[in-house]
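Here's a quick tour of a protein model, written for someone fairly new to reading structures. Keep the 3D view open and follow along.

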Amino acid sequence: MSSTKRLHPISAVYELLKMLKELIIPILFFLFVGEDGTTWDKISFWASMAIIVFVFASGILKWLRFTYRVEEGEIRIESGAIIRTKRYIPLERIQSLSYTEGILHRPFGLVKVKIETASAGAEAEAELTAITKADAEELQRIIASQKEHAQSETNTGEETKKLENDSTIVYQMTPKELLIMASTSSAIGVILSAFFALYTQVEQFLPLDWLYDELEQLVRSGLVILAIISILGLVSAWAFGIVLTFLKYGNFTVKKERNDVIISRGLLEKVSITIPIERVQGVVFVEGILRQPFGFTSVKLESAGGEGNEKDQTEKVMILPFIHKKRVVPILQQLLPDYEFDVPLQAVSVKAKRRYMIREAFKTVPFVIALSTIFWPYGLFSLLLLVLAGGFGYIKYKDAGWHVTATQLTTRSRVLARQTFFMKKNRIQSMELKQGWLQRRKELVSVTSTIRSGVLAEVGKVVDMEMEDGFYVYEWYRPRKEHPEYKLEEPHFKIGDEQKS
């Protein structure tokens with residue numbers, strides 16, 4: 001690939017659609033604002049045509065001016081329609097290549113490639129919008145060869161050969177799991193929200209008076225018909241959400257290849273995400289309210305760096321979208337053998353139970369007051385919210401827990417879903433102990449551990465631990481070189497000494 005290459009011509013169409021999407025509002029403004037036959041109407045029409053021609057010409061010019069090649073251990077990219085930009089990326093800095101095979105790519109056997117480096121932050125280091133699969137595989141082979149060459153300097157021949165052949169499929173989502181996942185997903189809420197958002201935008205442009213009249217007639221004819229229509233609408237949204245989930249997560253496969261985890265998914269748009277194991281900062285189990293009673297969970301990887309700003313390709317990579325907890329540990333042990341996932345968690349202090357319940361109940365007080373005032377006296381039934389919130393606080397108390405080993409911290413808490421964080425000690429960026437004046441009376445403390453995840457940070461938090469346990473975890477995290485006699489089995493200092501210092 002030392003010769004200069006251009007992207008496939010379909011990339012010009014890709015750029016055209018991308019720019020049209022960004023300019024859709026001004027184009028619609030010029031097309032629809034004004035009255036027929038007026039001078040302003042003609043000006044707006046030709047202005048819209050001028051914008052479209054400009055966008056089309058820009059897409060072609062960007063394609064003509066974009067070139068790439070591999071030379072002297074670097075990927076060299078030159079781009080820019082007016083201002084010429086040259087970007088040289090050393091191969092040893094490249095962490096991974098991520099492939100996306102969209103609707104425009106598949107008929108021509110093309111892929112979009114994102115080049116990731118450790119310092120890429122929230123955006124990809126570079127992007128090749130449309131190249132052939134053969135060129136993408138050749139680029140992947142060159143990068144892998146460079147890494148193997150560097151690793152072969154420290155490995156024996158047998159170890160190098162083992163690395164070359166190390167490629168295993170560790171998980172493939174079954175149709176049954178995909179169906180249950182789609183049926184219990186939150187897509188229906190997203191779809192309904194999008195529908196109402198769209199409705200509020202088009203209401204002022206569309207003549208919907210006839211619809212209101214029809215609805216009024218339905219209400220007069222009976223609430224039963226209206227209820228049936230509402231149920232049919234919800235079922236339709238639910239079915240549509242299932243279809244979207246199938247399109248997004250169909251053929252979901254997780255493969256381990258050398259020191260990378262490769263995730264591929266998608267029926268309509270095929271996506272391949274590569275995560276170097278060395279970039280994994282932590283693992284999170286997420287158990288939703290509907291799925292937890294049946295023993296199902298999802299697993300996310302917190303990864304340093306980023307894959308761009310696409311919502312489905314952020315640093316929180318969904319590695320196991322829906323799986324029974326009994327199957328999780330064997331799969332993750334193949335991918336991340338250094339982690340311990342089957343660990344017993346120590347519960348928080350019994351003294352914290354009342355605090356958890358009161359804290360959740362207190363959050364509902366403004367709603368109870370508002371409902372009781374507006375809908376008096378029937379609004380007094382909202383007092384039941386206090387009881388429900390207190391019960392939810394008790395669930396949060398029962399779920400909270402922690403565990404430490406020589407090299408790993410595990411924390412569990414609940415916001416709405418129950419989340420269990422697994423963090424290696426050398427990946428924790430910071431640890432913080434907080435104690436309010438009410439906690440001080442109960443000798444409790446909250447511990448917050450922060451790990452890096454792209455340009456953001458993720459935290460594992462345990463609220464209202466015993467003070468001695470909190471200091472124990474904090475002492476565990478402190479650098480051992482400061483404490484040559486440190487032992488994990490017992491705290492380094494006494495609680496009283498810490499309060500004095």
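Let's start at a turn: in the hairpin made by strand 10 and strand 11, four residues sit between the strands, and Gly266 takes a positive phi near 110°. Keep in mind that this is a predicted model. From that hairpin we'll work out to the neighbouring strands, then the cores, and finish with some empty space.

**The whole chain**
- You're looking at 501 residues, and 41% of them count as buried.
- The chain has 16 helices and 21 strands.
- Take the contacts with a separation of 6 or more: 56% of them are between residues 24 or more positions apart.

**Around strand 11**
- Strand 10 and strand 11, the two arms of our hairpin, run antiparallel and are joined by six bridges.
- To spot this pairing, find Arg265, which stands opposite Val271 in strand 11.
- Strand 11 also pairs with strand 5 (residues 94-101), again antiparallel, through three bridges.
- Here the pair to look for is Glu101, standing opposite Lys270 of strand 11.
- Is strand 11 mostly covered or mostly open? Mostly covered, with six of its seven residues buried.

**Around strand 12**
- Why can we call strand 12 (residues 280-287) largely enclosed by the rest of the structure? Because eight of its eight residues are buried, and a residue counts as buried when its relative accessible area is under 20%.
- Strand 12 runs antiparallel to strand 13 (residues 296-303), and six bridges join the two.
- Val280 faces a partner in strand 13: it stands opposite Ser303.
- Strand 12 is also joined to strand 18 (residues 418-424) by six bridges, and these two run antiparallel as well.
- Look for Glu287 here, whose bridge partner in strand 18 is Arg418.

**The nonpolar cores**
- The largest nonpolar core has 33 residues, and the members touching the most others are Tyr171, Val254, Ile263, Val283, Ile319 and Leu332.
- Several elements each supply at least two residues of this core, including strand 8 (167-172), helix 6 (175-183), strand 10, strand 11, strand 12 and helix 10 (325-335).
- Which strand gives this core its largest share? That's strand 14, with five residues.
- Zoom in on Ile263: setting aside its neighbours within four places in sequence, Ile263 is in contact with Phe252, Thr253, Val254, Val271, Ser272, Ile273, Ile275, Val317, Met318 and Ile319.
- Apart from the largest core lies another one, of 23 residues, and Ala417, Phe421, Tyr472 and Trp476 are among them.

**Empty space inside**
- Rolling a probe the size of a water molecule over the atoms shows where empty space is left.
- The structure holds two cavities of 30 Å³ or more.
- How much space lies in the second largest cavity? About 30 Å³.
- The residues lining the second largest cavity are Trp402, Leu409, Thr411, Val447, Val462, Met465 and Val473.
- Strand 17 (408-414) and strand 21 (456-466) each supply at least two residues of that lining.
- Sort the lining by type and you get six nonpolar residues, one polar and no charged.

Technical notes. Residues numbered from 1 in each chain as written. Predicted model: local features only at pLDDT ≥ 70, side-chain atom pairs only at ≥ 80, totals over all residues. Heavy atoms only, no water. 1 Å grid on protein atoms, 1.4 Å probe; cavity = no way out; pocket = protein on both sides within 12 Å on 5 of 7 lines; lining within 4 Å. Points joined across faces, edges and corners; volume = space filled by probe spheres on them. Nonpolar A, V, L, I, M, F, W, Y, C, P; charged D, E, K, R; others polar. Buried < 20%, exposed > 50% of the residue type's maximum accessible area, 1.4 Å probe, protein only. Pairing = 2+ DSSP bridges. Core = buried A, V, L, I, M, F, W, Y, C linked by side-chain atoms within 4.5 Å. Contact = heavy atoms within 4.5 Å.
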